[in-house]
Amino acid sequence: MILLEVPFAEKDLAKSVGARWNPVEKKWYVPGDLETDLTPFERWLPQDNDNSPQQIVLPGSNSATSSNEKEKGIPLSQLMQQVQTAIRKQFTGAVWIMAEVANINERRGHWYFELTENTEDNIQLASCRAMIWQSQAERLLTKFESETGSKLAAGQKVLLMVEPTFHEKFGFSLVIQDIDPSFTLGELEASLQAVRKQLITEKLYDKNKFYSMPKDFYRVAVIAPPSAAGLGDFRADADLLVKSKLCEFKYFYSTFQGDNVEKEMLGAFDAFLALHQSNHFDALIIIRGGGAKLDLQYLNNYELAKAVANMELPVLTGIGHERDNTLLDEVSAVRFDTPSKVIAALQRTIFTAAQTAKQNWLFIEKASQLFVQRQKQQLNEMESRIQTKSLQLLHLNKQNLTPLIMHIQQQSMRTLNQQQHLLEQCVDAIFHQASNQVQLQKQALSQYREVLNNRPVKILDSAKQTTQQLIAFILSSGPKTQLNRGFAMAKSKTDHKPITTKKQALTQDAFEVQFSDGSVDVTVLKDVK
């Protein structure tokens, strides 16, 4: 590199003829492709410029040995200065490097990085510190974020324009002067292409596309970040469907960016599948909505894409924007740009299904009415035929039945006459038997009547005789008869009642004793015992 001595007033002139600025040397220089013709730069060429690099004195070299033969060594600071000078001489300008950001942090406006380079087997080949000074940070980081849609973060592969520096106290580091965002996007695309190729080889890439968009939705599972703005928009319309009892939604949550995406989303898939086995869903919806493009790289994951491809129902995605696409979008059955478009498609499908069902219902109703009308007409025709046929059969049967009826009537009359004759015989027999019994009873009754007529007379006569005998006996037993027989009867003089005892007699002062021929008064002596 040929350094130039360009005064500040002539910098635009030097730049116009092809000179470039070297920030390390703080000088303008002639680019390598113009060194063949130095005429345009002749006025600024150093007078003693021999275009030969300065000789670097390293410990152990012959020059160092010769210059330090008396001192036997050099101070550390001198060695560091020599290393610093050597680096400046070797790297006279910034260079582009490819590396992976292993760590990043910010202090006092300055951004510090740890850059690494690893093999495909993740074996580290190199690492180095780097930084973006505060004066450059806002410009470079804003440029990277605006073109990639994501902030510069650990894990990203980057193409950086760096200036190697060496400080006596802080050692070797790289000062980042520029970032090429297109390289980072290209690396992600290369990684995505490798995963896509593996899925195609394993016949998983189009497996879920075997399922088409359902004709109607009754029960839907949704996987989304719990705080995603797109989920709010989705649920605003989904809740209306739930409120109208048109569709049921079951939500599962997972982060969609960061190192835990694979673990959390596979866990959400497992939870969904466990519920799907007991109560089937019509579709699985994966939504995210909004966010940076680089944040979508976590969804370009082989395990997640494989799980989506193996789902035994249609998977619908609404993860990014129209211009952004993830591997999950590619392997799903149906891709939508945003969550709002997913729920809009569900609403259209449900509305279309309802319209179709209504049209089908009207068709069925009309067809049923025509069928019923035809059946009624057929029934009326059949009824008419049956009536006609019945009358014909009735007439025919009547003709067939008339001889039978006459025969039955004759048989019935004969049987009736026979039974009537038997009945008359029975009546005669019963009458004769009853007449005999009645005659016998009449005879017995006459006998009883005769007995009843004669017996009271005999009894009366007997009673008369007995009465007469008793009257005679009574008459023969009266007081007069007794008096005539020689008996006497004592009577009270006052009341003429009979005195039949001594005691009654002693109560009287006097009484009368009657005889058959008269009475005698008797005085009672009280003291006679």
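1. A salt bridge is a side-chain nitrogen of Lys or Arg that lies within 4 Å of a carboxyl oxygen of Asp or Glu. The structure discussed in this note is a predicted model, and with that meaning of the term it holds 8 salt bridges.

2. One salt bridge to look at is formed by Arg219 with Glu248, where the closest N and O atoms are 3.4 Å apart. Because Arg219 belongs to strand β9 (residues 219-224) and Glu248 to strand β10 (residues 248-253), this pair ties together parts that are 29 residues apart in sequence. As for the surroundings of the two partners, Arg219 counts as buried because its relative accessibility is 11%, under the 20% limit for that class, whereas Glu248 is partly exposed, with a relative accessible area of 40%.

3. Arg335 deserves a separate point. The side chain of Arg335 meets that of Asp329 in a salt bridge, at 3.9 Å from N to O, and the side chain of Asp337 meets that of Arg335 in a salt bridge too, at 2.7 Å from N to O. Through salt bridges that share partners, Asp329, Arg335, Asp337 and Lys341 are joined into one network. Within this network, Arg335 counts as partly exposed at 29% relative accessibility, while Asp329 is buried, with a relative accessible area of 3%, and Asp337, at 13%, counts as buried.

4. Asp329 also leads to Thr326, since the side chains of Thr326 and Asp329 make a polar contact of 2.9 Å. Thr326 is found in the loop between β12 and α9. Is Thr326 buried or exposed? Thr326 counts as buried, because its relative accessibility is 1% and the class takes in values under 20%. When neighbours within four places in sequence are left aside, Thr326 is in contact with Leu296, Leu299, Asn300 and Ile319.

5. Helix α8, which covers residues 302-309, is mostly covered, as 6 of its 8 residues are buried. The buried residues are Tyr302, Leu304, Ala305, Ala307, Val308 and Ala309. Against which elements do the buried residues of α8 pack? They pack against the helices α5, α7 and α9 (327-331), and against the strands β11 (283-287) and β12 (315-318). At the N-terminal end of α8, Asn301 acts as a cap, with a side-chain oxygen lying 2.8 Å from the backbone nitrogen of Glu303.

6. The last point concerns the largest pocket, which has a volume of about 980 Å³. Its lining is made up of 31 residues, and those that lie nearest the centre of the pocket are Glu100, Gly155, Lys157, Ser191 and Gln297. The elements that give two or more residues to this lining are β4 (95-107), β5 (110-118), α5 (181-201) and α7 (261-278), and the largest share, 7 residues, comes from α5. Sorted by kind, the lining residues divide into 10 nonpolar, 13 polar and 8 charged. A reader who follows α5 and α7 through the structure will meet them in both settings, for they contribute to the lining of the largest pocket and are also among the elements against which the buried residues of α8 pack.

Methods:
Residues numbered from 1 in each chain as written. Predicted model: local features only at pLDDT ≥ 70, side-chain atom pairs only at ≥ 80, totals over all residues. Heavy atoms only, no water. 1 Å grid on protein atoms, 1.4 Å probe; cavity = no way out; pocket = protein on both sides within 12 Å on 5 of 7 lines; lining within 4 Å. Points joined across faces, edges and corners; volume = space filled by probe spheres on them. Helix = DSSP H or I, 4+ residues; strand = E, 2+ residues; numbered from the N terminus. Nonpolar A, V, L, I, M, F, W, Y, C, P; charged D, E, K, R; others polar. Buried < 20%, exposed > 50% of the residue type's maximum accessible area, 1.4 Å probe, protein only. Contact = heavy atoms within 4.5 Å. Polar contact = N/O pair within 3.5 Å; in protein donor to acceptor, adjacent residues only side chain to side chain.
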